[in-house]
Amino acid sequence: MSEITRRAVLRGAAGLAGVAALGGLAACNRSTGTAVGPAADAVAAAEAARRKPGARVVTARLTAQPVTLDLGGQTVSTWAYGDTAPGPLLRVDAGDVLRVDVANQLPDATSVHWHGLALRNDMDGVPGLTQDPIAVGETFRYEFTAPHPGTYFYHPHSGVQLDRGLYGVLVVDDPQEPGEYDAEWIVVLDDWVDGTGRTPDQVLSDLQQAGGDDSMGGMHDMGGTGMEGMDHGSMGSMGGMEVMRSPLLGGAGDITYPYYLLNGRTAADPATLSAKPGQRVRIRFVNAGSDTAFRVAVGGHRMTVTHSDGFPVVPVPTDALLIGMGERFDATVTFGDGVFELVASAEGKQGQALAVIRTGAGRPPTADVKVRELSGKVLLGTALSAVESARLDRRSADRTHDLVLGGTMAPYRWTINGKTFPDTDPLRLIQGERVRLRFVNQSMMFHPMHAHGHTFALRGGGARKDTVIVRPMATLDVDLEADNPGQWATHCHNIYHAETGMMTTLSYQAQE
């Protein structure tokens, strides 16, 4: 077991001990992974309510293993599910039971988290919190009902393993959806460093060592930016670290990546997406990156955003779309005749991912192609509104929790309410409550905050989401329905921020 995985398990176990002291702990059977203890009945009842009589069981197998990948002119050694990154597409209908056997052939322990799904707590894939890590050479079976249609993805929740090739897409279809599109593409975005002379573990170690001697001095409480007045995409250096800034997001991440990928390919040798002139295409966007938000646009076209994190929104046309780490958006585009560019620019950084869209004859774009739509109207998920069917019923909050987000680059440490996990205080809630989470970002870095096992509603009729960007020095309120008992990780989806402390738990308790 690697040091990072060992820390993750120890942190999770310590977090469990803290939650247990509050009562109502949904613990896990170490051999089966099923819930036991005081909340086991509640977890089982929630799953039973989701499961339809005679539900179809969809089976799959994932093998996490070392592989050599061709990213498009660049060959790297990494870890992946099978022999591709992204891994196999998993597809079920809402209400189906998904049964996935995960075989661990890695040299380290691992796990799989089913990002965005309101699934049963003991299948959530967080070592030390909902399961033991999957040991080297072992196989673990995940089995749960997929309750809500939408675009989701799966990835490890063990150290910084997500920043390798360990991720794939899960689509939950709605059999009743009218469709109203001619074709569908799945577009997965990623920032890539593994196998290029550094591993993600080394990147994390470098961040910690560079900040360990307080070399950043005045960068304390600045979230790793301190870059007021710099232009979009500009970078500098302070204390040996790259610092980057986006006018839309403030900070733009902590890491300079050598490659940005779209469907596992670099811009030098991009993937091709094909359609016919006049066709309306549904594009399912997934940002599987660890430290990078992407600004996405299609050359010569506008897109209409229809879904955010799986749930339908009031359709909004836009030139470009900003996607934070862990966010998913569905959009439709009606294409003309020719060859076009789908560009995903690394927000506030230098570099982009690219796909070639071909509906007719024409020359393919160059790797550094610029599309004017990137400088047009840019849409963020916080600007979207849920359709009426996706809104929570109107009621006041029974409980409010403040999550004050902070951090420093020296030392490299990211906090919730002034503490790092597992020392963060669990956030108490009781089944049936309406709970308000108030994200108060007191750093100068943006944080895509993700709640496991639930979706939340942005205030004022905003979108239903499970991951939302909280910009620097901003406060964002979201409401969730406490309808899925257990102990749920809640954290920043910058994997390096989560791994160094920016995580807590939503902790269901017995009725007061």
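Which residues does Pro 270 touch, not counting residues up to four places away in sequence? The exercises below take up this and related points in a predicted model, and each is followed by a worked solution.

**Exercise 1. Place Pro 270 in the chain and list its contacts.**

Begin with the position along the chain: Pro 270 lies in the loop between β15 (259-262) and β16 (271-274). Then, with residues up to four places away in sequence set aside, look for what Pro 270 touches, and the result is Arg 265, Leu 354, Ala 355 and Val 356. Finally, take the C-alpha atoms of Pro 270 and Pro 365, which are 9.7 Å apart in space although the two residues are 95 residues apart in sequence.

**Exercise 2. Describe the overall make-up of the protein, from secondary structure to surface.**

The secondary structure comes to four helices and 36 strands. Of the 512 residues, 62% count as buried. Turning to contacts with a separation of 6 or more, one finds that 75% of them are accounted for by residues 24 or more positions apart. The surface that remains exposed is about 17,700 Å², and carbon and sulfur atoms supply 48% of that area.

**Exercise 3. Which residues have the most contacts inside the largest nonpolar core, and which strand gives the most to this core?**

The largest nonpolar core has 121 residues, and those with the most contacts inside it are Trp 114, Phe 285 and Leu 342. Strand β11 (residues 183-192) gives the most to this core, with seven residues. A second, separate core has eight residues, including Ala 267, Ala 297, Val 371 and Leu 374. As general background, nonpolar side chains tend to be buried together in soluble globular proteins.

To look more closely at Trp 114, leave aside its neighbours within four places in sequence; its contacts then include Leu 62, Leu 90, Leu 98 and Val 100, as well as the aromatic residues Tyr 142, Phe 144, Phe 153 and Tyr 154. Asp 124 is also one of the residues in contact with Trp 114.

**Exercise 4. Characterise the largest pocket by its volume, its lining and the strands that supply it.**

About 440 Å³ of space lies in the largest pocket. Its lining is made by 22 residues, of which Asp 174, Glu 177, His 307, Gly 310 and Pro 312 lie nearest the centre. Sorting the lining by residue class gives seven nonpolar, eight polar and seven charged residues. Next, ask which strands take part: β17 (280-287), β19 (303-308) and β20 (311-318) each supply at least two residues of the lining, and β17 gives the most, with three.

**Exercise 5. Asp 309 and Asn 417 each have a positive phi; is each residue buried or partly exposed?**

Take Asp 309 first, which is not a glycine yet has a positive phi of about 50°, and which lies in the loop between β19 and β20. Its relative accessibility is 0%, so Asp 309 counts as buried, the cut-off being under 20%. For Asn 417, phi is near 55°, again a positive value in a residue other than glycine, and the residue is found in the loop between β27 and β28. Because its relative accessibility is 35%, Asn 417 counts as partly exposed.

**Exercise 6. Locate the cis peptide bonds that precede Pro 411 and Pro 422.**

A cis bond joins Ala 410 and Pro 411, with omega about 0°, and Pro 411 is found in the loop between β26 (399-409) and β27 (412-416). The bond from Phe 421 to Pro 422 is likewise cis, with omega near 15°, and Pro 422 has its place in the loop between β27 and β28 (427-430).

**Exercise 7. Work out the surroundings of Val 203 and Ile 469.**

Val 203 is found in helix α3 (residues 200-212) and, at 3% relative accessibility, counts as buried. Leaving aside neighbours within four places in sequence, Val 203 is in contact with Val 193, Arg 198, Ile 255 and Tyr 496. The C-alpha atoms of Val 203 and Val 193 are separated by 8.7 Å.

Ile 469 lies in strand β33 (residues 467-470) and is buried, with a relative accessible area of 7%. Not counting residues up to four places away in sequence, Ile 469 touches residues that include Leu 249, Gly 324, Glu 327, Thr 382 and Phe 446. Phe 439 is 30 residues from Ile 469 in sequence, and their C-alpha atoms are 9.9 Å apart in space.

Conventions:
Residues numbered from 1 in each chain as written. Predicted model: local features only at pLDDT ≥ 70, side-chain atom pairs only at ≥ 80, totals over all residues. Heavy atoms only, no water. Core = buried A, V, L, I, M, F, W, Y, C linked by side-chain atoms within 4.5 Å. Buried < 20%, exposed > 50% of the residue type's maximum accessible area, 1.4 Å probe, protein only. Contact = heavy atoms within 4.5 Å. Areas by Shrake-Rupley, 256 points an atom, 1.4 Å probe, with all protein chains shown as cover. 1 Å grid on protein atoms, 1.4 Å probe; cavity = no way out; pocket = protein on both sides within 12 Å on 5 of 7 lines; lining within 4 Å. Points joined across faces, edges and corners; volume = space filled by probe spheres on them. Nonpolar A, V, L, I, M, F, W, Y, C, P; charged D, E, K, R; others polar.
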